[in-house]
Amino acid sequence: WRETFGGISQIFVKHHRPMAWAQNGGSLNTSAGRDAFRPSLALVGATPLVAWAESTGLSYSINVKALE
């Protein structure tokens, strides 16, 4: 999901454990000062992947992270 703190949008992920949801660490942003948006989740085999875009100022970067 995307959440905004101090005017900067950040991407976060949770996973389901028995009886509750647990957050997978902190923000996935590669830079704390860059806005992130359009998170997407996919499975490759049994591995969940999260992809998102991040503003670099004049352009955008596409980031992907495998979750364990």
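A strand, as the word is used here, is a DSSP run of E with at least two residues, numbered from the N terminus, and S9 is found in one such run, strand β2, which covers residues 8-11. The model discussed here is a predicted one. Its principal features, taken in turn below, include an open sheet of 3 strands, a hairpin of β3 and β4, a nonpolar core of 7 residues and a count of 3 aromatic pairs.

**Strand pairing and the sheet**

- Strands of a sheet pair through backbone hydrogen bonds, in either a parallel or an antiparallel manner.
- In this model 3 strands make up an open sheet in the order β5-β6-β7, with antiparallel pairing; β5 and β7 are the edge strands, each of them pairing on one side only, and the twist from one strand to the next averages 20°.
- Strand β6, residues 47-55, is joined to β7 by 7 bridges, and the two run antiparallel; within this part of the structure, V50 stands opposite K65 in β7.

**The hairpin of β3 and β4**

- Strand β3 (residues 14-17) pairs with strand β4 (residues 20-23) in the antiparallel sense, over 4 bridges, and H15 stands opposite A22 in β4.
- The hairpin has 2 residues between its strands, and M19 takes a positive phi near 80° there.

**The nonpolar core and L67**

- In soluble globular proteins, nonpolar side chains tend to be buried together.
- The largest nonpolar core of the model consists of 7 residues, namely I11, V13, L28, A36, V50, W52 and L67.
- L67 lies in the segment after β7, which spans 60-66, and counts as buried because its relative accessible area of 11% falls under the 20% limit.
- Neighbours within four places in sequence being left aside, L67 is in contact with V13, N24, T47, P48 and V50, whereas V13, treated in the same way, is in contact with W1, A22, Q23, N24, L28, V50 and L67.
- L67 and T30 are separated by 37 residues in sequence and by 15 Å in space, C-alpha to C-alpha.

**The surroundings of S9**

- S9 has a relative accessible area of 9% and is therefore classed as buried, since buried means under 20%.
- When neighbours within four places in sequence are left aside, the contacts of S9 are R2, E3, T4, N29, R34, D35 and A36, and A36 is also one of the residues of the largest nonpolar core.

**Aromatic residues**

- The count of aromatic pairs comes to 3; one of them, formed by F5 and F12, is edge-to-face, at 5.9 Å centre to centre and with 75° between the planes.
- The two members of that pair can be described by their exposure: F5 is partly exposed, with a relative accessible area of 42%, whereas F12 is buried, at 10%.
- The rings of F37 and Y60 have centres 5.5 Å apart and planes at 90°, so this pair is edge-to-face, the angle being over 60 degrees.
- That pair links distant parts of the chain, with F37 in strand β5 (residues 36-44) and Y60 in strand β7, 23 residues apart.
- Y60 counts as exposed because its relative accessibility of 59% is over the 50% limit.
- W1, F5 and F12 together form one aromatic cluster, and W1 is also among the contacts of V13.

Notes
Residues are numbered from 1 along each chain as its sequence is written. This is a predicted model: local features need pLDDT of at least 70, side-chain atom pairs count only at pLDDT 80 or more; totals for chains, interfaces and linings use all residues. Side-chain values use heavy atoms; hydrogens and water are left out. Buried means under 20% relative accessible area, exposed over 50%, partly exposed in between (1.4 Å probe, protein chains only). Contact means heavy atoms within 4.5 Å. Two strands pair if DSSP finds at least two bridges between them. Rings of Phe, Tyr and Trp (its six-membered ring) pair if their centres lie within 6.5 Å; planes under 30 degrees apart count as stacked, over 60 as edge-to-face and the rest as tilted. Axes are lines fitted to C-alpha atoms, for helices over the stretch in contact, and angles run from 0 to 180 degrees between N-to-C directions. A nonpolar core is a set of buried Ala, Val, Leu, Ile, Met, Phe, Trp, Tyr and Cys residues joined through side-chain atoms within 4.5 Å.
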